[in-house]
Amino acid sequence: MRQGTRVEAELAVTEWTLEMRDPGALRPSPLPSDELTFSLAGVPSPDFNRAMYAAVGARVCWTDRFSWTFEDWAKWVDRPELATWIALAEGTVAGYFELEAQPDGDTEVHLVGLVPAFVGRGFGGYLVEQCVRRAWQRGRLWGEGLGPTERVWLRTSTLDHPNAKANYLRRGFTVAAETSGAKRVPDPRLAPWPLPGDPRASRLEPQEGPVEDLAGEPAAEEN
């Protein structure tokens, strides 16, 4: 571990619950300078959602899922209530968002954000707008048979991007609740990468004959 690295830090955090109860409350964002297109992920992929969680969230301390195993990620993504939407620009994955259909018509925006290469280029407001539009289209664009959305809601905090809360409010969200307190936050640079099993296992089986080193030469046998 590098000198000065702190495995965990206690931070003062304020968290807001934001909500939108009417699709008419959604306020459009200015169009970005480059086209941003959206695709609904058709194949549940724990690896993809985990990769995007790291790529989008590491710089804003998304660490709550650090303890998740591969099985946890698989259970999360492979269910009809969850929709993962991918944002693409210039032939590149620019960001994503996760929508979850919940009881009583609630739809939660669990995660929404851009990868660092697209932050600060005018995509953020449009990404949130299109995320919310799709949240209100539950039962049509996604979540077949789960009924319509009656309320869209999300959580954000002082750990998020400095412009995140203001962006949500500009799109028409209102503050439903606010809490403050201390939160222990792991070092995002030490993020784990869960896998379904140890990929080394099949390579640890004993082999007959001399073992070659990485240069392709037989390893010297001990006398």
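This report covers the sheet, a loop proline, a helix pair and the salt bridges of a predicted model.

**The sheet**

Seven strands build an open sheet. Their order is 2-3-4-5-6-1-7, and the pairing is mixed. Strand 2 (37-40) and strand 7 (174-186) are the edge strands, each pairing on one side only. From one strand to the next, the twist averages 25°. Strand 2 runs antiparallel to strand 3 (residues 82-89), and four bridges join the two. Within this pairing, Thr37 of strand 2 stands opposite Leu88 in strand 3.

**A loop proline**

Pro32 sits in the loop between strand 1 (8-20) and strand 2. Is Pro32 buried or exposed? Its relative accessibility is 14%, so Pro32 counts as buried. Beyond residues up to four places away in sequence, Pro32 touches Gly122, Phe123 and Tyr126. Gly124 lies 92 residues from Pro32 in sequence, yet the C-alpha to C-alpha separation is 8.7 Å.

**Helix 1 against helix 2**

Helix 1 (residues 46-57) packs on helix 2 (residues 70-77). The angle is about 100°, and the axes are 9 Å apart. The two helices are therefore roughly perpendicular. Helix 1 contributes Pro46, Asp47, Asn49, Arg50 and Tyr53 to the contact. Helix 2 contributes Phe70, Trp73, Ala74 and Val77. By type, the contact residues divide into six nonpolar, one polar and two charged.

**Salt bridges**

The whole structure holds 15 salt bridges. Three of them are set out here, with N to O distances and relative accessible areas.

| Acidic residue | Basic residue | N to O distance |
|---|---|---|
| Glu19, 14% | Arg21, 57% | 3.2 Å |
| Glu129, 5% | Arg133, 34% | 2.8 Å |
| Asp187, 7% | Arg189, 55% | 2.8 Å |

Glu19 is buried, whereas its partner Arg21 is exposed. The Asp187 pair reads likewise: Asp187 counts as buried, and Arg189 counts as exposed. In the remaining pair, Glu129 is buried, while Arg133 is partly exposed.

Where do Glu129 and Arg133 lie, and how are they separated? Both belong to helix 3 (residues 124-136). They are four residues apart, so about one helical turn separates them.

The Glu19 and Arg21 pair also takes part in a network of salt bridges. Asp106 and Arg151 are linked with them in that network.

How values were computed. Residues are numbered from 1 along each chain as its sequence is written. This is a predicted model: local features need pLDDT of at least 70, side-chain atom pairs count only at pLDDT 80 or more; totals for chains, interfaces and linings use all residues. Side-chain values use heavy atoms; hydrogens and water are left out. Two strands pair if DSSP finds at least two bridges between them. Axes are lines fitted to C-alpha atoms, for helices over the stretch in contact, and angles run from 0 to 180 degrees between N-to-C directions. Buried means under 20% relative accessible area, exposed over 50%, partly exposed in between (1.4 Å probe, protein chains only). Contact means heavy atoms within 4.5 Å. Angles under 35 degrees count as roughly parallel, over 145 as roughly antiparallel, 65 to 115 as roughly perpendicular and the rest as oblique. Ala, Val, Leu, Ile, Met, Phe, Trp, Tyr, Cys and Pro count as nonpolar, Asp, Glu, Lys and Arg as charged, and the others, Gly among them, as polar. A salt bridge is a side-chain nitrogen of Lys or Arg within 4 Å of a carboxyl oxygen of Asp or Glu.
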